[in-house]
Amino acid sequence: MCLATVYKESDDSVIFKNVSRIDVNGNELILRDIMGDERVVEGTILMVDLANSIVKLKCD
């Protein structure tokens, strides 16, 4: 299982940890963690590093 930590690109702050799924709906990103909790963020995916479990977002 690949779990990721999602970071905000502008300041490298953590948005969400243990993310198991990211759905894209236009400019909305729906982040889900392993417990089923969800966060909706407006922005775009800049980078996904699967080897290091990192996702960077450009947030509005």
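**Exercise 1. The partner of Asp23**

Task: Determine which residue forms a salt bridge with Asp23 whose closest N and O atoms are 2.3 Å apart.

Solution. Step 1: the criterion is a side-chain nitrogen of Lys or Arg within 4 Å of a carboxyl oxygen of Asp or Glu. Step 2: Arg32 satisfies this with Asp23, the closest N and O atoms being 2.3 Å apart.

The model is predicted: local features require pLDDT of at least 70, side-chain atom pairs count only at pLDDT 80 or more, and totals for chains, interfaces and linings use all residues. Residues are numbered from 1 along each chain as its sequence is written, and side-chain values use heavy atoms, without hydrogens and water.

Step 3: Asp23 also meets the side chain of Arg21 in a salt bridge, at 2.9 Å from N to O. Step 4: a salt-bridge network links Arg21, Asp23, Arg32 and Glu38. Step 5: accessibility is classed as buried under 20% relative accessible area, exposed over 50% and partly exposed in between, with a 1.4 Å probe and protein chains only. Arg21, at 47%, is partly exposed, and Arg32, at 24%, is partly exposed as well.

**Exercise 2. A link across the sequence**

Task: State where in the chain the salt-bridge partners Lys56 and Asp12 lie, and how many residues apart they are.

Solution. Step 1: the count of salt bridges comes to 4. One of them joins Lys56 to Asp12, with closest N and O atoms 2.9 Å apart. Step 2: Lys56 belongs to strand E5 (residues 54-59), whereas Asp12 is in the loop between strand E1 (4-8) and strand E2 (14-25); the pair links distant parts of the chain, 44 residues apart. The strands used here are DSSP runs (E, at least two residues; helices are H or I, at least four), numbered from the N terminus. Step 3: Lys56 has a relative accessible area of 24% and is partly exposed; Asp12, at 42%, is partly exposed too.

**Exercise 3. Strand order and pairing**

Task: Give the order in which the 5 strands close into a barrel, and the kind of pairing.

Solution. Step 1: two strands count as paired if DSSP finds at least two bridges between them. Step 2: the barrel closes in the order E1-E2-E3-E4-E5, with mixed pairing. The twist averages 65° from one strand to the next, where axes are lines fitted to C-alpha atoms (for helices over the stretch in contact) and angles run from 0 to 180 degrees between N-to-C directions. Step 3: the pairings can be listed with a bridge partner for each.

- E1 and E2 run antiparallel, joined by 3 bridges; Val6 has Phe16 as its bridge partner in E2.
- E2 and E3 are antiparallel over 6 bridges; Ile22 is partnered by Leu31 in E3.
- E4 and E5 are antiparallel over 6 bridges; Thr44 stands opposite Lys58 in E5.
- E1 and E5 run parallel, joined by 4 bridges; Thr5 has Ile54 as its bridge partner in E5.

**Exercise 4. Positive phi values**

Task: Find which residue takes a positive phi in the hairpin of E1 and E2, and which does so in the turn between E4 and E5.

Solution. Step 1: most residues other than glycine have a negative phi. Step 2: in the hairpin of E1 and E2, with 5 residues between the strands, Asp12 takes a positive phi near 60°. Step 3: the hairpin of E4 and E5 has 4 residues between its strands, and Ser53 in the turn has a positive phi of about 55°. Step 4: between E2 and E3 the hairpin has 2 residues, and Gly26 has a positive phi near 65°. Step 5: Asn18 also has a positive phi, about 55°, yet Asn18 is found in strand E2.

**Exercise 5. Core and surface**

Task: Establish which strand gives the most residues to the largest nonpolar core.

Solution. Step 1: a nonpolar core is a set of buried Ala, Val, Leu, Ile, Met, Phe, Trp, Tyr and Cys residues joined through side-chain atoms within 4.5 Å. Step 2: the largest one has 10 residues, including Val6, Phe16, Leu31 and Leu57. E1, E2, strand E3 (28-33) and E5 each supply at least two of its residues, and E2 gives the most, with 3.

Step 3: by contrast, Val24, Ile45, Val48 and Leu50 make a nonpolar surface patch of about 370 Å². Patch residues have over 30% relative accessible area and no salt bridge; like charges are joined within 9 Å, nonpolar side chains (Val, Leu, Ile, Met, Phe, Trp, Tyr) within 5 Å. Areas come from the Shrake-Rupley method with a 1.4 Å probe, and for residues only the protein chains shown count as cover. Step 4: Val48 lies in strand E4 (residues 38-49) and is partly exposed at 46% relative accessibility.
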